[in-house]
Amino acid sequence: MDTVRVAIVGAGVTGLSTALCISKSIPRCSVTVISDKFTPDTTSDVAAGILIPHAYEDTPIQEQKQWFRETFNRLFAIASSAEAREAGVHLVSGWQIFRSVPTVEVPFWADVVLGFRKMTEAELKKFPQHVFGQAFTTLKCESSVYLAWLEKRVKESGGLILTRRIEDLWELHPFFDIVVNCSGLGSRQLAGDLEIFPVRGQLLKVQAPWVKHFIRDGSGLTYIYPGISSVTLGGTRQKGDWNLSPDAEISRDILSRCCALEPSLRGACDIRERVGLRPFRAGVRLQKELLVQDGRRLPVVHHYGHGSGGFSVHWGTALEASRLLNECVQALRTPTSKSKL
Ligand SMILES: Cc1cc2nc3c(=O)[nH]c(=O)nc-3n(C[C@H](O)[C@H](O)[C@H](O)COP(=O)(O)OP(=O)(O)OC[C@H]3O[C@@H](n4cnc5c(N)ncnc54)[C@H](O)[C@@H]3O)c2cc1C
């Protein structure tokens with residue numbers, strides 16, 4: 001087999017980064033991204049896009065740290081290049097603050113971000129309700145700008161983009177040799193995975209250009225993340241809630257929580273509400289599966305379930321998905337090992 005035809009289902013941050021990673025790293029593959037929604041209409045477009053990991057309970061910490069490090073290093077390189085503006089990736093410094101001293105004072109990702117340290121007493125004076133805090137510099141993606149940039153890079157690398165809803169992965173057979181499933185919550189149907197569920201997030205985008213430092217309260221339920229064109233205020237985590245309509249009461253609560261941390265936000269204007277459904281499960285599913293039906297075989301690489309942290313780990317998990325895909329490609333090119341797919 002010469003050219004291996006790869007279909008990637010999904011055009012959020014997971015699908016597009018996987019498509020780009022495969023195009024760059026695996027020779028003689030044609031890549032087609034198939035999705036019913038593209039930027040600006042995916043969950044990924046709603047994300048605040050900050051690189052601060054959320055721990056996945058079923059994944060060894062060293063593995064998660066590796067995903068985060070690979071993602072951080074890649075985006076740091078983009079932020080340090082002439083592409084930074086077009087890619088919508090920038091450095092941002094700020095504080096993570098706590099009302100009581102956390103049991104783990106130094107998180108596993110502390111040596112990946114830049115300049116991680118305990119906040120000084122002088123800094124903590126800004127937050128009279130809080131007793132402990134950490135200061136560091138991380139990266140932030142302007143989500144829709146970054147997705148558009150990824151899509152452009154996929155096309156430049158020869159990838160095709162197709163708007164279509166897939167009801168069953170078998171629809172892609174025999175037009176494609178391998179499928180990479182990056183459909184996020186869509187995997188409930190496409191992979192029959194009932195472990196994945198939505199965690200609803202509502203946030204606000206406001207104009208407050210004087211706010212330059214991020215502020216994240218404890219577990220990250222309340223946050224203020226300054227971006228390129230707006231400041232993102234959050235948030236909520238509503239398990240099992242599929243409602244995509246903004247709730248005015250929740251918006252008032254978010255604004256009030258954020259103003260308590262940064263009173264100058266009372267002067268924010270042009271307030272826009274956004275809602276997204278995080279594709280949540282105990283851990284990211286990164287796994288090969290061989291679908292077999294009526295003597296037909298369809299190798300699938302599953303790559304979904306990034307929950308609250310898709311932006312924080314996407315390049316690391318895309319590298320791992322590409323490694324799994326490469327194993328499938330090698331098996332297809334070696335007829336004797338086809339059965340081991
Ligand atoms: C309010 C909020 C704030 C967030 N903030 C952050 C943050 O600051 N940092 C961070 O790291 N993460 C954050 N996240 C999490 C992050 O958004 C997700 O982890 C990430 O977007 C998941 O990306 P994805 O590509 O896997 O899924 P999605 O973006 O949902 O993409 C799935 C794709 O699959 C397509 N699809 C699904 N089913 C089908 C089908 N049957 N046929 C065809 N196409 C299909 C969809 O159209 C879509 O293109 C936040 C999330 C929310 C909701």
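**Cores, ligand surroundings and salt bridges in a predicted model**

Biologist: In this predicted model, which residues touch the most other members of the largest nonpolar core?

Modeller: The largest nonpolar core of this predicted structure has 60 residues. Those that touch the most other members are Ile8, Phe68, Leu75, Val89, Tyr146, Val180 and Leu325.

Biologist: Which element supplies the largest share of this core?

Modeller: The largest share amounts to 10 residues. They come from the element spanning residues 310–333, which is helix 9.

Biologist: Which residues does isoleucine 8 contact, leaving aside its neighbours within four places in sequence?

Modeller: Isoleucine 8 belongs to the group that touches the most other core members. Val180, from that group as well, is in contact with isoleucine 8. The complete list for isoleucine 8 is Gly15, Thr18, Ala19, Ile22, Val31, Thr32, Val33, Ile34, Val180 and Cys182.

Biologist: How many residues does the other core, which lies apart from the largest one, contain?

Modeller: Leu204, Ile224, Cys258 and Leu265 are among the members of this other core. Its residue count is 21.

Biologist: Which residues come nearest to the ligand?

Modeller: There are 36 residues around the ligand. The nearest are Thr14, Asp36, Ser44, Ile166 and Gly307.

Biologist: How far is an oxygen atom of the ligand from a polar backbone atom of glycine 310?

Modeller: Backbone atoms of several residues lie beside ligand oxygen atoms. For glycine 49, the distance from a polar backbone atom to a ligand oxygen is 3.0 Å. A backbone N or O atom of phenylalanine 311 lies 2.9 Å from an oxygen atom of the ligand. For glycine 310, the distance is 2.9 Å.

Biologist: UniProt lists Thr43 and Ser44 under "binding site"; is serine 44 buried or exposed?

Modeller: That annotation comes from an unreviewed entry. Threonine 43 lies in helix 2 (residues 43–46) and is partly exposed at 38% relative accessibility. Serine 44 is also found in helix 2, and its contacts beyond four places in sequence are Gly12, Val13, Ser143, Leu147 and Phe311. Because its relative accessible area is 13%, under the 20% limit, serine 44 counts as buried.

Biologist: Which residues does threonine 43 contact, leaving aside its neighbours within four places in sequence?

Modeller: One partner, Arg278, carries a "binding site" annotation in the unreviewed UniProt entry, as does Tyr223. Arginine 278 is placed in strand 13 (residues 269–280) and counts as buried at 16% relative accessibility. Among the residues that arginine 278 touches are Thr43, Phe197 and Gly307. The contacts of threonine 43 are Leu277 and Arg278.

Biologist: What is the relative accessible area of tyrosine 223?

Modeller: Tyrosine 223 is found in strand 10 (residues 222–226). Beyond four places in sequence, its contacts include Ala48, Leu203, Thr232 and Cys258. Tyrosine 223 is buried, with a relative accessible area of 8%.

Biologist: At what relative accessibility does histidine 306 count as buried?

Modeller: Histidine 306 is found in the loop between strand 15 (296–304) and helix 9. Not counting residues up to four places away in sequence, histidine 306 touches Thr14, Tyr56, Pro279, Val284, Val313 and Thr317. Its relative accessibility is 4%.

Biologist: How many residues apart in sequence are the parts tied together by arginine 99 and aspartate 217?

Modeller: This pair forms a salt bridge whose closest N and O atoms are 3.5 Å apart. Aspartate 217 counts as buried at 14% relative accessibility. Arginine 99 lies in the loop between strand 3 (89–98) and strand 4 (114–118), and aspartate 217 in strand 9 (residues 214–217), so the parts tied together are separated in sequence by 118 residues.

Biologist: In which helix do arginine 257 and aspartate 253 lie?

Modeller: Arginine 257 forms a salt bridge with aspartate 253, with the closest N and O atoms 3.1 Å apart. Aspartate 253 is partly exposed at 37% relative accessibility. The two residues are four apart, about one helical turn, in the element covering residues 248–261, which is helix 8.

Biologist: How many salt bridges does a search of the whole structure find?

Modeller: Arginine 165 and glutamate 167 meet in one, at 3.1 Å from N to O. A network of salt bridges links Glu86, Lys152, Arg153 and Glu156. Over the whole structure, the number of salt bridges is 21.

Technical notes. Residues numbered from 1 in each chain as written. Predicted model: local features only at pLDDT ≥ 70, side-chain atom pairs only at ≥ 80, totals over all residues. Heavy atoms only, no water. Salt bridge = Lys/Arg side-chain N within 4 Å of Asp/Glu carboxyl O. Buried < 20%, exposed > 50% of the residue type's maximum accessible area, 1.4 Å probe, protein only. UniProt positions renumbered as here; feature names shortened; annotations may be inferred. Contact = heavy atoms within 4.5 Å. Core = buried A, V, L, I, M, F, W, Y, C linked by side-chain atoms within 4.5 Å. Near = heavy atom within 4 Å. Polar contact = N/O pair within 3.5 Å; in protein donor to acceptor, adjacent residues only side chain to side chain.
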